[in-house]
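Thanks for making the time this morning. I would like to walk you through one structure, slowly, and I will put it on the screen before I say anything about it.

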Amino acid sequence: TISMPVQSEGKVYFYTGFVTPPDGRKYAELLAVNPDGRGDIGSTNIVWRLKSPVLQLLTPIIVDGLLYTVDSNALLSCLDATSGKSLGSKKLKGKFYSSPVYADGHVYVSSIKGETLVFKAGTGLDLVAENRLEGEIWATPAVTGGAILMRTSNYLYKLAN
């Protein structure tokens, strides 16, 4: 399983499928890659890599040079997109398979239990709201026209002011 790549500032960011080292302890990696070049650029163009738990299904987002992701152990992380350095993290409850989204200064992460946590964008990962919808959330919300569209296992919601 490989997540969809995201691009920012000439680099491509994505999770790998699992890696199996000689000791047998599988893991995934979050990679930042400079896609310039020809042929196999795997050994020359990896800008940074970060070990992660296996089964990474979501796509990270990048806002103002900060990369936000939630790993399969429910750890929300904020990384410097240039260096890969951790700038903050927060352990969440539940499982998160939909990708985080950004809108109006906030990062939204939705769990399969139908809960959406809203964090103020930035390294502090300050929780500003918790919301619950009926059903499970597996799909990534869409932000369009001042609204957020969220699909649960039961309904399609349009959330707007």
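**Strands, core and ring pairs**

Let me start at a turn: in the hairpin that S6 and S7 form, 4 residues lie between the strands, and Ala74 there takes a positive phi near 65°. Please keep in mind throughout that what you see is a predicted model.

Staying with this hairpin, S6 and S7 run antiparallel and are joined by 5 bridges, and if you look along the pairing you will find Leu67 standing opposite Leu79 in S7. The next pairing follows on directly, since S7 and S8 also run antiparallel, with 5 bridges joining them. Here Leu79 stands opposite Ser86 in S8, while Leu75 has Lys91 as its bridge partner in S8. S7 and S8 likewise form a hairpin, this one with 5 residues between the strands, and in its turn Gly84 has a positive phi of about 85°.

Now to the interior. Which residues have the most contacts inside the largest nonpolar core? That core has 26 residues, and the ones with the most contacts inside it are Tyr13, Leu67, Tyr68, Leu92 and Val109. The elements that give two or more residues to this core are strand S2 (11–15), strand S3 (28–33), strand S5 (61–63), strand S6 (66–70), strand S7 (75–80), strand S10 (106–110) and strand S11 (115–120). Of these, S6 supplies the largest share, 4 residues. As general background, nonpolar side chains in soluble globular proteins tend to be buried together.

Tyr68 is a useful residue to click on here: leaving out residues up to four places away in sequence, Tyr68 touches Pro60, Ile61, Val63, Ser77, Cys78, Pro100, Val107, Ala121, Gly122 and Leu125. Apart from this core lies another one, of 8 residues, which includes Ala103, Tyr108, Leu133 and Met150.

Let me turn to two threonines. Is Thr69, whose place is in strand S6, buried or exposed? Thr69 counts as buried, because its relative accessibility is 5%, which is under the 20% cut-off. Its side chain makes a polar contact with the side chain of Tyr15, at 2.7 Å. Among the residues that Thr69 touches, not counting those up to four places away in sequence, are Leu30, Leu58, Pro60, Leu75 and Pro100.

The other threonine, Thr116, lies in strand S11 and counts as buried too, with a relative accessibility of 4%. The polar contact of its side chain is with the side chain of Ser110, at 2.8 Å. Once neighbours within four places in sequence are set aside, Thr116 is in contact with Tyr108, Val109, Ser110, Ala129, Glu130, Asn131, Ile137 and Met150.

A related position to look at is Ile148, which lies in strand S14 (residues 147–151) and is buried, at 12% relative accessibility. Ile148 is in contact with Tyr108, Pro141, Ala142, Val143, Tyr157, Lys158 and Leu159, again leaving aside neighbours within four places in sequence. Between Ile148 and Ser110 there are 12 Å in space, C-alpha to C-alpha, for residues that stand 38 apart in sequence.

That leaves the aromatic rings. How many aromatic pairs does the structure hold? There are 3, and I will show two of them. In one, Tyr97 and Trp138 are stacked, with 5.2 Å from centre to centre and 20° between the planes. Tyr97 lies in the loop between strand S8 (86–91) and strand S9 (101–103), and Trp138 in the loop between strand S12 (127–132) and strand S13 (142–144), so this pair ties together parts that are 41 residues apart in sequence. As for accessibility, Tyr97 is buried, with a relative accessible area of 18%, whereas Trp138 counts as partly exposed, at 46%.

Another pair, Tyr155 with Tyr157, is edge-to-face, with 5.9 Å from centre to centre and 75° between the planes. Tyr155 is partly exposed, its relative accessible area being 44%.

One last ring to find on the screen is that of Tyr27, where the charged end of Lys51 sits over the ring, 4.5 Å from its centre.

Terms used. Residues are numbered from 1 along each chain as its sequence is written. This is a predicted model: local features need pLDDT of at least 70, side-chain atom pairs count only at pLDDT 80 or more; totals for chains, interfaces and linings use all residues. Side-chain values use heavy atoms; hydrogens and water are left out. A nonpolar core is a set of buried Ala, Val, Leu, Ile, Met, Phe, Trp, Tyr and Cys residues joined through side-chain atoms within 4.5 Å. Buried means under 20% relative accessible area, exposed over 50%, partly exposed in between (1.4 Å probe, protein chains only). Contact means heavy atoms within 4.5 Å. A polar contact is a pair of N or O atoms within 3.5 Å; within protein, one must be able to donate a hydrogen and the other to accept it, and residues adjacent in sequence count only if both atoms are side-chain atoms. Rings of Phe, Tyr and Trp (its six-membered ring) pair if their centres lie within 6.5 Å; planes under 30 degrees apart count as stacked, over 60 as edge-to-face and the rest as tilted. A charge sits over a ring if NZ of Lys or CZ of Arg is within 6 Å of the ring centre and within 35 degrees of the ring normal. Two strands pair if DSSP finds at least two bridges between them.
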